[in-house]
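Visitor: Hi! I've just opened this one and would like a quick walk through it. Can you show me the structure before I start asking things?

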Amino acid sequence: MAANMYRVGDYVYFENSSSNPYLVRRIEELNKTANGNVEAKVVCLFRRRDISGSLNSLADSNAREFEEESKQPGVSEQQRHQLKHRELFLSRQFESLPATHIRGKCSVTLLNETDILSQYLEKEDCFFYSLVFDPVQKTLLADQGEIRVGCKYQAEIPDRLADGESDNRNQQKMEMKVWDPDNPLTDRQIDQFLVVARAVGTFARALDCSSSIRQPSLHMSAAAASRDITLFHAMDTLQRNGYDLAKAMSTLVPQGGPVLCRDEMEEWSASEAMLFEEALEKYGKDFNDIRQDFLPWKSLASIVQFYYMWKTTDRYIQQKRLKAAEADSKLKQVYIPTYTKPNPNQIISVGSKPGMNGAGFQKGLTCESCHTTQSAQWYAWGPPNMQCRLCASCWIYWKKYGGLKTPTQLEGAARGTTEPHSRGHLSRPEAQSLSPYTTSANRAKLLAKNRQTFLLQTTKLTRLARRMCRDLLQPRRAARRPYAPINANAIKAECSIRLPKAAKTPLKIHPLVRLPLATIVKDLVAQAPLKPKTPRGTKTPINRNQLTQNRGLGGIMVKRAYETMAGAAVPFSANGRPLASGIRSGSQPAAKRQKLNPADAPNPVVFVATKDTRALRKALTHLEMRRAARRPNLPLKVKPPLIAVRPPVPLPAPSHPASTNEPIVLED
C-alpha cells in the first residue's frame, strides 16, 4: 500500500513510451481535473542520452574533476559505463503528466564530495545529480545549492596562546569588537539611551521630505525608527564613545541635525517590493536569479537583507495563509495501482519454453546486453529491422536507467581502429593523391574535391560466417539490397554454434584460375576501338590529359576527345547530343570560355559513346543488356544489324537559259 502511494516531493518514474526508458520526475503538485483524472505537475530531470554530445563531454570533464578532488577509489570500465546511467541533470522545466503513467519510485540526491560513486551502483533505483541543465539555452551549469561538506569547508581553530605569549597575527585582519558586555553602564541606562535614539530617529524622519511621503503618519514613522538599524546605530555609538552617555548624546544629534538611519525596508519602493514578491514566487530563494532577471540594480546583500525584513511584515503572513489555503484544497497524495498490462515489445509469452523466439526472429539470437541465450521473457529492442532483443533483467535495467549494462555498437560505443596505418580516415582525393600512379598535375585537382569515403575490413570470423551461415545471411539478397542492415551479432553467434560441427566436414573451395598479365594486356589491346580518321581540313585538338598519362600505357587507355569522335563540323556536348545552333560551341576563343572550378572538375577519364556503339545498344535485347550490366568484365558478342542500302536518287539537273550574256559563277 505504501509503495503505491505517491506524495508531493517524491521522485518517480513516468512512462511515455513502451520502448523508451522511463522519465525521472519530481512531483510538485497533484491536481484533480474536471473529468475526475489526476494530473501531476512535475520537475523534469534529464539523462545523458537527452543532452547533446558537447554537453556530455562537459559532464565527463566535471566528473573527472570530482574524482580527483574527492579522491574516489578506482572503478572498472563497466562500472564507469553504468555510473553514467545513474547521473541525472536537474532543470527548472515543469510539465503536467497523467498520474496513471507513474511506474514506481526512485531516489535522487545531490552529489557530495564525501559520497563514494560505487555505492550508487549497489542500490536499486538510486540516482545523483551535480549539474543543472537549461533546455532553452542548452547550457550545463553547476548547482548553486551545493552543500559545503568536507575538509576544505571546515574552520581551522588555532592553538590557545600560553600565559605571557604575544599574539603575532595581524590585528587589522582580525574581527573588530563592537560591544563590550562588561561595560560600566547599567541595563536601565542602556534602555533609556535606546529610547532617546528612537525619538531622535522619529524626529529625523519628520524633517526628511522623502520619509514624510513614505510614512505620512506619526505611527508609521515611529515604527520605522524602532527597527534594528536604529538600535544597532545607538549601541555602536556607545561603543565608539567609551560608554559615555554625554558624548553619545552629542553624537546622535550633531551640529547639522539629527542622524537618520534607514534600512532596506525603507529604501525600497512599492514597485520594487512587488517585483521581489513576483520573483520570489517564480524562483524561490534563488537570490542570484532574482537579481539577474528582476532586480539587476540592487546588490545581492541588499536583496538578502530585504528578504529577511520582508518576512517580518504582514504581507508575508498574508501570502503564507493564502498558500496554506491553496495547499489544503489540493491533493496531498494519490494511490496508483501496480501496472500489470503486458508490454507490446514482448516477443514470447510467459508460459512458453525458455530460449524460444517469437514470430519473425531468427534462431541463435542472444541478449544484446548480457549475451545470454536463456530467459523466461524476451523483449524486442532497437530498430525493428535489426531484430535485437533483451532478456527480462536487462529490459528492466534499460527501462529504469536508460542504457545497457555493457556498451554496444547500437548504443553508440566507440570502436577502436584495428589498423593504425589504415587510410580509412582519409578522404577519397587524399587517398588518391598518395598513389604513385597519380601525377602532380592531377594531384591538386583531386585534393580540391571533398568526397568522404569509408573502408570495410573483414575479420576471419566474418569470412567464415559468410560461408557457414549462408542461409541466414543470404548474400545474393544482401547484394541486391545493400541499404538493408544485417544483424552481424546474430550471424556470428550462429556461426560459433555451427563451427565445431563444420570442422569435421571441411568446406569445398574452388580455386580460381587467373590469366597471366601479358594475356590480359593483349586482350585489352585487341578489344580497344580503333581511332577514327579525322576529315581533312580540320585541326586535331590536343588532348592535354594524354600529356600526363604514362607512355607505357598509352595504347591501352586513351581518352577520346569530343571533336575526334563526332567530327569538327557538329560539336557534341557531354551527353553525346549535338549542340544547338544558338549555343556557343567549344571553338570559341579561350578568353570567352568559362573557367571550371577545381572542386567541380570532372574525373580524368571520360568515356564518349560513338554512333556505332549506340547502334549496337539498340540491337541488344533486354536480357542481353542486363547480362552485360551484371558482368561488365566479359566480352559481349553481338551481331551488327543489317543496314539496308538505298539506291542513290539522281539529282535533277539545273535549268539554265539557252543563251545568256551574264558570266557563270561557280561556288565552291
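Visitor: Let's start with helix packing. At what angle do the axes of helix α10 and helix α12 cross?

Guide: Happy to help, and keep in mind that this is a predicted model. The axes of α10, which spans residues 270-283, and α12, which spans residues 300-310, cross at roughly 90°. They come within 12 Å of each other. An angle of 65 to 115 degrees counts as roughly perpendicular, and α10 and α12 are therefore roughly perpendicular to each other.

Visitor: And which residues make the contact there?

Guide: From α10 you have Ala273, Phe276, Glu277 and Leu280. On the side of α12, the contact is made by Ile303, Phe306, Tyr307 and Trp310.

Visitor: How do the residues of that contact divide into nonpolar, polar and charged?

Guide: Seven are nonpolar, one is charged, and no polar residue takes part in the contact of α10 with α12. As for the spacing you may notice along a helix, an α-helix has 3.6 residues a turn, so residues three or four places apart point the same way.

Visitor: Nice. Which residues form an aromatic cluster with Phe276 and Phe306?

Guide: Trp268, Phe287, Tyr307, Tyr308, Trp310 and Tyr316 belong to one aromatic cluster with Phe276 and Phe306.

Visitor: How many aromatic pairs does a search of the whole structure find?

Guide: It finds 19 aromatic pairs. Take Tyr120 and Phe128: their ring centres are 4.9 Å apart and the planes are at 50°, so this pair is tilted.

Visitor: Is Tyr120 buried or exposed?

Guide: Tyr120 is buried, because its relative accessibility is 7%. Its partner Phe128 is buried as well, with a relative accessible area of 5%.

Visitor: What about charges over rings? Which ring does Arg103 lie over?

Guide: Arg103 lies over the face of Tyr339, at 3.8 Å from the ring centre. Another case is Arg389, whose charged end sits over the ring of Trp378, 3.7 Å from the centre.

Visitor: Changing topic to backbone angles. Which residue in the loop between α1 and α2 has a positive phi?

Guide: That would be Lys71, in the loop between α1 and α2. Lys71 has a positive phi of about 55°, although it is not a glycine. At 71% relative accessibility, Lys71 counts as exposed.

Visitor: What is phi of Asp125, and where is that residue?

Guide: Asp125 has a phi near 55°, again a positive value in a residue other than glycine. Asp125 is found in the loop between α3 and β7. With a relative accessible area of 16%, Asp125 is buried.

Visitor: Back to the loop between α1 and α2. What can you say about Pro73?

Guide: Pro73 is in that loop, which runs between α1 (53-70) and α2 (77-86). Pro73 is partly exposed, with a relative accessible area of 47%. From C-alpha to C-alpha, Pro73 and Ile116 are 7.8 Å apart in space, with their places 43 residues apart in sequence.

Visitor: Which residues of α2 are buried, then?

Guide: The buried residues of α2 are His81, Gln82, Leu83, His85 and Arg86. What covers them includes strands β5 (87-98) and β7 (126-134), together with helices α3 (118-122) and α14 (392-401).

Visitor: Since α14 came up, which residues is Ala392 in contact with, leaving aside its neighbours within four places in sequence?

Guide: Ala392, which is in helix α14, is in contact with Ser375, Gln377 and Tyr379 when those neighbours are left aside. The C-alpha atoms of Ala392 and Tyr379 are separated by 7.2 Å, and the two are 13 residues apart along the chain. Ala392 is partly exposed, with a relative accessible area of 27%.

Visitor: Last one, the overall picture. How many helices and strands does the protein chain have?

Guide: The secondary structure comes to 25 helices and eleven strands. Of the 668 residues of the protein chain, 27% count as buried. Among contacts between residues at least 6 apart in sequence, 62% join residues at least 24 apart.

Definitions and conventions: Residues numbered from 1 in each chain as written. Predicted model: local features only at pLDDT ≥ 70, side-chain atom pairs only at ≥ 80, totals over all residues. Heavy atoms only, no water. Axes fitted to C-alpha atoms, helices over the stretch in contact; angles between N-to-C directions. Helix = DSSP H or I, 4+ residues; strand = E, 2+ residues; numbered from the N terminus. Parallel < 35°, antiparallel > 145°, perpendicular 65-115°, else oblique. Contact = heavy atoms within 4.5 Å. Nonpolar A, V, L, I, M, F, W, Y, C, P; charged D, E, K, R; others polar. Phe/Tyr/Trp six-rings, centres within 6.5 Å; stacked < 30°, edge-to-face > 60°. Buried < 20%, exposed > 50% of the residue type's maximum accessible area, 1.4 Å probe, protein only. Lys NZ or Arg CZ within 6 Å of the ring centre and 35° of its normal.
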